[in-house]
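Student: I should like to learn how to read the features of a structure one by one. Please take me through them in order.

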Number of protein chains: 2
Amino acid sequence: MTATDGADLRVTPEQLEVWRLFIRVHARVLRRLEADLQEYHGMSLAWYDVLARLLEADERRLRMTELAERVMLSPSGLTRLVDRMADDGLVRRVQAEGDGRGYFAVLTDAGYERLRETSGTHLRGIREYVVGRFSDDELRTVAELLKRVDE
Amino acid sequence: MTATDGADLRVTPEQLEVWRLFIRVHARVLRRLEADLQEYHGMSLAWYDVLARLLEADERRLRMTELAERVMLSPSGLTRLVDRMADDGLVRRVQAEGDGRGYFAVLTDAGYERLRETSGTHLRGIREYVVGRFSDDELRTVAELLKRVDE
């Protein structure tokens with residue numbers, strides 16, 4: 001990198017504003033989704049995320065390391081979370097066969113039931129706060145622009 | 001709400017895909033920004049955020065409660081973070097005058113210097129991973145669509 005690269009490296013005020021808007025919108029939407037889950041079901045968004053990721057997984061179970069990555073928590077943070085959810089009977093921790101170190105988190109029937117009770121609230125939020133605000137055409141544009149960042 | 005509202009409450013597969021793309025893109029970008037700060041400066045994005053929010057603030061200081069909100073951390077999480085940053089000399093904690101309970105976090109000269117050293121890396125990431133991927137026209141469209149969600 002040389003000094004003449006400077007011009008290319010600038011972030012314009014317009015670019016910076018869009019970046020900040022992106023961060024703010026993400027935070028605001030997640031706060032709203034969290035507030036609704038807490039208000040109507042006394043549950044956190046992190047718990048919902050764990051239940052939803054397990055439901056999608058083969059045999060409704062995931063390695064703790066894989067689950068941590070999918071819900072974007074540190075391994076130690078996820079361990080604490082899953083321990084509390086296990087106390088409530090929503091997940092079980094099961095040692096992986098033939099692997100002394102590995103653990104799986106498994107969705108229980110009670111966990112499935114809890115997800116079924118809460119998903120309406122969560123989906124309503126996603127629609128009301130985000131995707132329901134766009135027409136079909138706009139939604140396609142949003143997808144296209146997001147994919148540009150997803151490369 | 002009645003049963004006939006059902007149709008309006010549906011989240012279509014296209015909508016759900018856009019929602020998931022939004023969450024994934026946000027996570028991916030933040031992971032990249034974090035990785036760059038760690039690799040080049042051995043600093044976390046959370047530390048960068050604290051320094052940047054303090055620099056923007058009047059007199060380079062913020063109440064801990066206000067700072068927690070701006071960097072989207074729990075009060076206890078922020079306290080731990082600020083304690084570690086204070087050990088490194090990047091911020092100071094100062095008791096609010098006439099308010100036995102309140103504390104401010106204040107940016108130190110060393111903290112300002114650290115921000116100056118690291119901001120090039122951070123801004124380069126914002127440009128390279130996000131805003132630099134759009135033309136001026138597209139950037140205006142992105143802003144417009146994000147503002148729809150920011151209401």
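Student: Is A:Asp109 buried or exposed?

Tutor: Residues under 20% relative accessible area are called buried, those over 50% exposed, and those in between partly exposed, with a 1.4 Å probe and protein chains only. A:Asp109 has a relative accessible area of 66% and is therefore exposed. Before we proceed, note that this is a predicted model, in which local features need pLDDT of at least 70 and side-chain atom pairs count only at pLDDT 80 or more, whereas totals for chains, interfaces and linings use all residues. Residues are numbered from 1 along each chain as its sequence is written, chains are lettered from A and ligands numbered from 1 in the order in which they are written, and side-chain values use heavy atoms, with hydrogens and water left out.

Student: In which helix is A:Asp109 found?

Tutor: Helices (H or I, at least four residues) and strands (E, at least two) are DSSP runs, numbered from the N terminus. A:Asp109 belongs to helix α6 of chain A, residues 109-129. Its C-alpha atom is separated by 13 Å from that of A:Met85, 24 residues apart along the chain.

Student: How does one read the relation between two copies of a chain, and what rotation superposes chain B on chain A?

Tutor: Two copies of a chain are related by a rotation about an axis and a shift along it. The superposition is by least squares on the C-alpha atoms of residues with pLDDT of at least 70 in both copies. Here a rotation of 180 degrees, with 0.0 Å of shift along its axis, brings chain B onto chain A at an RMSD of 0.0 Å. The two copies are thus related as by a two-fold rotation axis. The same surface serves both copies, since 100% of the contact residues of chain B recur in chain A.

Student: How many residues of chain B are in contact with chain A, and what area is buried between them?

Tutor: Contact means heavy atoms within 4.5 Å. By that rule, 49 residues of chain B are in contact with 49 residues of chain A. Buried area is the accessible area (1.4 Å probe) that two parts lose on being put together, summed over both. Between chain B and chain A it is about 4700 Å², and carbon and sulfur atoms give 71% of this.

Student: How many salt bridges does the rule find across the interface of chain B and chain A?

Tutor: A salt bridge is a side-chain nitrogen of Lys or Arg within 4 Å of a carboxyl oxygen of Asp or Glu. The rule finds eight across the interface of chain B and chain A, while a search of the whole structure finds 28 over all chains. One salt bridge joins A:Glu138 to B:Arg148, with the closest N and O atoms 2.8 Å apart. On the side of chain B that touches chain A, α1 (13-41), α2 (45-56), α5 (109-129) and α6 (136-149) of chain B each supply at least two residues. The most comes from α1(B), with 20 residues.

Student: What surrounds A:Arg53, and is this residue buried or exposed?

Tutor: A:Arg53 is buried, at 17% relative accessible area, and is found in helix α3 of chain A, residues 45-56. Apart from neighbours within four places in sequence, A:Arg53 is in contact with A:Leu62, A:Leu67, A:Arg70, A:Val71 and, from chain B, B:Arg20. A:Arg53 also meets A:Glu56 in a salt bridge (3.1 Å, N to O). Both lie in helix α3 of chain A, three residues apart, about one turn of the helix. A:Glu56 is partly exposed, at 41% relative accessibility.

Student: Which parts does the salt bridge of A:Asp83 and A:Arg93 tie together?

Tutor: The side chains of A:Asp83 and A:Arg93 meet at 3.1 Å, N to O. A:Asp83 lies in helix α5 (residues 75-87) of chain A and A:Arg93 in strand β2 (residues 91-95) of chain A, so the pair ties together parts that are ten residues apart in sequence. A:Asp83 is partly exposed, with a relative accessible area of 33%, and A:Arg93 is partly exposed at 33%.

Student: Where do B:Glu66 and B:Arg70 lie?

Tutor: Both are in helix α3 (residues 64-70) of chain B, four residues apart, about one turn of the helix. Their salt bridge has its closest N and O atoms 2.6 Å apart. B:Glu66 is partly exposed at 30% relative accessible area, and B:Arg70 is partly exposed at 37%. Elsewhere, salt bridges that share partners join A:Arg20, B:Asp49, B:Arg53 and B:Glu56 into one network.
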